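Trainee: Got a minute to walk through this one with me?
Mentor: Sure, put it up and ask away.

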Amino acid sequence: MALLALVIGAIIWSTASWSRVNSGWDAWRALENENQIQQTWLKNEPAIRQNAAKAIQGLEAGRGYNDSQLVAEALAATKEVGLNATTETPKTQKAGKFALHTMQLSCRRADMATVVKLYENLRPRAPYISISSFSLQSDRGNSGTVTLTMQLTALELINVK
């Protein structure tokens, strides 16, 4: 009876240890994969920096938009085509020499021709303002009109040397 209890205890202990060994092995493999990804990024760092430098050369300092300018430009573009827009407060992400300002803009009861005009009105402001998300939903009861929701992103050069 004691031998049976000892065998059962050994089986329970070995299955628990096997589970711990498997989870440790999985964690080690995940770390190895992450290490390979990081090594690839580090190996490609010179090319990434060179491509970023080329991209920055095409941009003009002072032509970007800060968060308040983004709101003003978006509202001006919608008013120029005859739409009334609602906006949310822009969110800002800073990275090195750049700041990205993102905001959501919504227009209700817009016809498709006006939506196209708005797009055409925003297009010359690229690459400093871009549409990162765009959705249309048809209005119920008003045939031919849609609710437009778009996410606009503005690029600002904050530290050009």
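Trainee: What does Phe134 touch, leaving out residues up to four places away in sequence?
Mentor: Phe134 is in contact (heavy atoms within 4.5 Å) with Val115, Leu148, Thr149 and Met150.

Trainee: What should I keep in mind about the numbers here?
Mentor: This is a predicted model: local features need pLDDT of at least 70, side-chain atom pairs count only at pLDDT 80 or more, and totals for chains, interfaces and linings use all residues. Residues are numbered from 1 along each chain as its sequence is written, and side-chain values use heavy atoms, with hydrogens and water left out.

Trainee: Back to Phe134. Which element is Phe134 found in?
Mentor: Strand S4, residues 129-138. Strands are DSSP runs of E with at least two residues, helices are runs of H or I with at least four, and both are numbered from the N terminus.

Trainee: How does Phe134 count by relative accessibility?
Mentor: Partly exposed, at 40%. On this scale buried is under 20% relative accessible area, exposed is over 50%, and partly exposed lies in between, with a 1.4 Å probe and protein chains only.

Trainee: How far apart are Phe134 and Gly144 in space, C-alpha to C-alpha?
Mentor: They are 18 Å apart, with their positions 10 residues apart in sequence. Gly144 turns up again as a contact of Met112.

Trainee: What else does Met112 touch, not counting residues up to four places away in sequence?
Mentor: Leu136 and Val146 are also in that list. Met112 sits in helix H4, residues 112-122. Met112 is partly exposed, at a relative accessible area of 40%. Its C-alpha is 9.5 Å from that of Leu136, and the two are 24 residues apart in sequence.

Trainee: New topic. What does the whole chain come to in secondary structure?
Mentor: Four helices and five strands. In sequence order the pattern is α-α-α-β-β-β-α-β-β.

Trainee: What radius of gyration does the chain have, and what would a compact globule have?
Mentor: The chain has 28 Å, while a compact globule of 161 residues would have a value near 15 Å. That radius is taken over C-alpha atoms, and the globule rule is 2.2 Å times the number of residues to the power 0.38. The C-alpha trace spans about 90 × 55 × 20 Å along its principal axes.

Trainee: What percentage of the 161 residues is buried?
Mentor: Buried residues make up 25%. Of the contacts with a separation of 6 or more, 65% are between residues 24 or more positions apart.

Trainee: Now helices. How close do the axes of H1 and H2 come, and at what angle do they cross?
Mentor: H1 (residues 2-43) and H2 (residues 45-57) have axes that come within 4 Å and cross at roughly 50 degrees. The two helices are therefore oblique to each other. Angles under 35 degrees count as roughly parallel, over 145 as roughly antiparallel, 65 to 115 as roughly perpendicular, and the rest as oblique.

Trainee: Which residues make that contact between H1 and H2?
Mentor: H1 gives Trp41, Leu42 and Lys43, and H2 gives Glu45, Pro46 and Ile48.

Trainee: On to H3. Is Glu80 exposed or buried?
Mentor: Exposed, with 55% relative accessibility. Glu80 belongs to helix H3, residues 67-80. Beyond its neighbours within four places in sequence, Glu80 contacts Asn121 and Arg125. The C-alpha atoms of Glu80 and Leu118 are separated by 8.2 Å, across 38 residues along the chain.

Trainee: And Arg109: what is its phi near?
Mentor: Near 55 degrees, a positive value in a residue other than glycine. Most residues other than glycine have a negative phi. Arg109 lies in strand S3, residues 98-111. Arg109 is exposed, at 57% relative accessibility.

Trainee: Last one. Where is Gly96 found?
Mentor: In the loop between strand S2 (91-95) and S3. Gly96 is exposed, with a relative accessible area of 68%. Its C-alpha and that of Ile158 are separated by 8.3 Å, with the two residues 62 apart along the chain.

Definitions and conventions. Axes fitted to C-alpha atoms, helices over the stretch in contact; angles between N-to-C directions.
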